[in-house]
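Biologist: I have a model on my screen and want to learn how to read it. Can we go through charge pairs and pockets?

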Amino acid sequence: MGPTARDFPSGFLFGAATSAHQVEGGNDGCDWWAWERRGGAKDPSGAACDHYRRYPEDIALVKELGLGSYRFSVEWARVEPEEGRFDEGALRHYRDMVERCRELGVEPIVTFHHFTLPTWLSDRGGVLARDSSRLFARYCRTVAEALKGRVTWVLTINEPMVLVLMGYVQGVWPPGKRPASQVIKAARRLVSWHEEAFAAIRQVDPAMRLGIAKHWIDFRPLDAGDAMHRLGRRLQHQLFNRWYLDRVKSHCDFIGINYYARQYTTGLLRQVPLATPDAPRTEMGWSIVPEGLHLALTEASGYGLPLIVTENGIACRDDRWRIRYIDRHLAAVHEAIAAGADVRGYQYWSLLDNFEWAEGYRPQFGLVAVDLGTQKRTVRESARHYGEIARTGRLPDAID
Ligand code: BGC
């Protein structure tokens, strides 16, 4: 490959991502806070990275590293702490975050819902509450009004199928395991959440480009010679990767792809995270298969919409793994672009070491390490390395 063949298209958004509950701290009005109190996470989120107060420095760090975009989320429980009462201070806060990005020339990518719900809503059924789509659309409209004219890229919901899987099927996240009928209802409801939010936001600011952050798993049959393994692959791929997108695609201006791993199917609804001895695993136990990102982008291109990799990242102790991970996954993105996929950006997960849901604070995904005692930020070598790629818009000459 010659040097120019390593260049990304100009304007490609190299960035990093976070979500409100995982970094802000003191987010005591949401269902996750209550879930943590009941022992649902290895550590409580507590003060997290104190990002609610420290965002000006953190966004400055994004800039200093050479990154061009920052994906973050708005916390519904702060914006609407009681049903129907919108908090001006919270809305101003998120507007200020966007302004901070703008003044530094960092493109904001804003998620309106990233797993958490205000407790007033979770107490009366959460996603399954009869009027939850209307409530979500009203919240989105209010946030859109506050951010109008200042934001281009908006994700209504982060990983709806992960929310359904972890919350309703496995029950390791709120609201806890539910019968199959409610699982189906929750998935369908999240389709109407997006559709209604799309219409509401569109009305307020037609210039906002609206999408979904869709978690994509590269399912493969463990034994390609086994018919059940193959059937399991087809079913899981359809249910997990495509079902939701097939429904919301006409209400999207772009699709966000969150990709982490390959999983091997061993039955209709069964899978194992790692089956090949040659694929190394992250600290989360996830297999590292960059090719899966290429395949995801190539297939998702079939929806005919621009794509952004809205999450991709590794939890590891040895930062050299992160460097290798980023290089290889960016190479996979580059290949997908070369093959015709319209990929507009890549957001590494995560900017900061943060609260990893039920896993607490142990997994470290950050480009920047955070000392939870002092809140001191330490930029990792991988962040500098990634920043250099972002600054030059070019893959490194040698990828290990
Ligand atoms: C979620 C993040 C999470 C990350 C790593 C994604 O599924 O959107 O909130 O921290 O994966 O597990």
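Modeller: We take the salt bridges, then the pockets. Keep in mind that this model is predicted.

Biologist: How many salt bridges does the structure hold?

Modeller: Side chains of opposite charge can pair when their charged atoms come close. Here the structure holds 29 salt bridges.

Biologist: Give me a case. What does Arg 102 pair with?

Modeller: Arg 102 meets Glu 107 in a salt bridge, with 3.5 Å from N to O. Now check the surroundings of each partner. Arg 102 has 33% relative accessibility, so it counts as partly exposed. Glu 107 has 18%, which is under the 20% cut-off, so Glu 107 is buried.

Biologist: Next, Asp 131. Is Asp 131 buried or exposed?

Modeller: Asp 131 is buried, at 13% relative accessibility. Its side chain forms a salt bridge with Arg 124, at 3.1 Å from N to O. Arg 124 is partly exposed, at 33%.

Biologist: And how far apart are the closest N and O atoms of Arg 320 and Asp 318?

Modeller: They are 2.8 Å apart, and the two residues form a salt bridge. Arg 320 has 57% relative accessibility; the cut-off for exposed is over 50%, so Arg 320 counts as exposed. Asp 318 counts as partly exposed, at 27%.

Biologist: Which residues are joined into one network by salt bridges that share partners?

Modeller: Glu 83, Arg 124, Asp 131 and Arg 134 are joined that way. You met the bridge between Asp 131 and Arg 124 above.

Biologist: On to pockets. How much space lies in the largest pocket?

Modeller: About 1300 Å³. The lining has 44 residues, and the closest to the centre are Met 161, Leu 165, Met 166, Gln 170 and Phe 240.

Biologist: Which element supplies the largest share of that lining?

Modeller: Helix 8 does, with 7 residues. Helix 8 spans 160-169. Others that each supply at least two residues include helix 10 (227-248) and strand 6 (254-267).

Biologist: What is the chemistry of the lining of the largest pocket?

Modeller: Sort the residues by type. The lining of the largest pocket divides into 29 nonpolar, 9 polar and 6 charged residues.

Biologist: What volume does the second largest pocket have?

Modeller: About 290 Å³. Of its 19 lining residues, the closest to the centre are Asp 31, Ser 122, Pro 174, Pro 175 and Arg 178. Helix 2 (31-37), helix 6 (119-122) and helix 8 each give at least two residues. Helix 2 has the largest share, 3 residues. By type, the lining of the second largest pocket holds 10 nonpolar, 5 polar and 4 charged residues.

How values were computed. Residues numbered from 1 in each chain as written. Predicted model: local features only at pLDDT ≥ 70, side-chain atom pairs only at ≥ 80, totals over all residues. Heavy atoms only, no water. Salt bridge = Lys/Arg side-chain N within 4 Å of Asp/Glu carboxyl O. Buried < 20%, exposed > 50% of the residue type's maximum accessible area, 1.4 Å probe, protein only. 1 Å grid on protein atoms, 1.4 Å probe; cavity = no way out; pocket = protein on both sides within 12 Å on 5 of 7 lines; lining within 4 Å. Points joined across faces, edges and corners; volume = space filled by probe spheres on them. Helix = DSSP H or I, 4+ residues; strand = E, 2+ residues; numbered from the N terminus. Nonpolar A, V, L, I, M, F, W, Y, C, P; charged D, E, K, R; others polar.
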